[in-house]
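Q: I should like to learn how to read several local features of a protein model. May we take them one at a time?

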Amino acid sequence: MYAIADIVNALQQKWPAWQTLKDIELARADGQIDYAVGNFSVVTRVRHEGVDKILKCYTRHRPHLKEIYGAHFLPKELVITDLMGATHLIDCLLTDYIAGKTLDEHLHNKDCNIGALADAFERLAQRLLAENLAHGD
């Protein structure tokens, strides 16, 4: 398992070291990457080959990610350096960025129709169940 700080430090570099990825630019605000942390990973928005994507970098090896995410899974993709100076290759996931409002934003909207939101969630769940993929979050 690697520290969140090790991943953030690697991503914060002007030119992060990738094993296979080319033409990737991390979204920055005031020179700093914008990232979220959760579920043993660091998630940030990137632009890959001209398309907005989400990059998820894992702090530990998770078995079955290739089976779950298919071609979106990039094993041993990002090169990081830990506090002791040792380098490691960590697993990443590169998926499409889907723009929209978060559930929290919808729920805090005074005009939120909770019934319509529940119906939309049910339709989403049915669509995901019918697809040949898994969603790990």
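Q: Is Arg 45 buried or exposed, or does it fall in between?
A: The model is a predicted one. Residues between the 20% and 50% limits of relative accessible area are called partly exposed. Arg 45 has 33% relative accessibility, so it belongs to that class.

Q: With which residue does Arg 45 form a salt bridge?
A: A salt bridge requires a side-chain nitrogen of Lys or Arg within 4 Å of a carboxyl oxygen of Asp or Glu. Arg 45 meets that condition with Asp 52, where the closest N and O atoms are 3.1 Å apart. Asp 52 is itself partly exposed, at 29% relative accessible area.

Q: Which residues are joined with Arg 45 into one network?
A: Asp 52 also forms a salt bridge with Arg 47, at 2.8 Å from N to O. Arg 47 is partly exposed, with a relative accessible area of 38%. Through shared partners, the salt bridges link Arg 45, Arg 47 and Asp 52 into one network.

Q: How many salt bridges does the structure contain by this rule?
A: The count is 5. Among them is the pair Glu 131 and Arg 127, whose closest N and O atoms lie 3.5 Å apart. Glu 131 is partly exposed, its relative accessible area being 32%.

Q: Which residues other than glycine have a positive phi here?
A: Most residues other than glycine have a negative phi. Glu 49 has a positive phi, near 50°, and this residue sits in the loop between strand 5 (41-48) and strand 6 (51-58). His 64 likewise has a positive phi, of about 80°, and lies in the loop between strand 6 and helix 2 (65-69). Glu 49 is exposed at 56% relative accessible area, and His 64 is exposed at 54%.

Q: Why is there no disulfide between Cys 57 and Cys 92?
A: A disulfide requires two cysteine sulfur atoms within 2.5 Å. The closest cysteine sulfur to that of Cys 57 belongs to Cys 92 and is 3.6 Å away, which is too far for a bond. The structure holds 0 disulfides. Cys 57 is buried, with 0% relative accessible area, whereas Cys 112 is partly exposed at 28%.

Q: Which residues make the nonpolar surface patch?
A: Nonpolar side chains are joined into a patch within 5 Å of one another. Leu 103, Leu 107 and Ile 114 make a patch of about 300 Å². Ile 114 belongs to helix 4 (residues 114-130) and is exposed, at 55% relative accessibility.

Technical notes. Residues numbered from 1 in each chain as written. Predicted model: local features only at pLDDT ≥ 70, side-chain atom pairs only at ≥ 80, totals over all residues. Heavy atoms only, no water. Helix = DSSP H or I, 4+ residues; strand = E, 2+ residues; numbered from the N terminus. Buried < 20%, exposed > 50% of the residue type's maximum accessible area, 1.4 Å probe, protein only. Patch = residues over 30% accessible without salt bridge, like charges linked within 9 Å, V, L, I, M, F, W, Y side chains within 5 Å. Areas by Shrake-Rupley, 256 points an atom, 1.4 Å probe, with all protein chains shown as cover.
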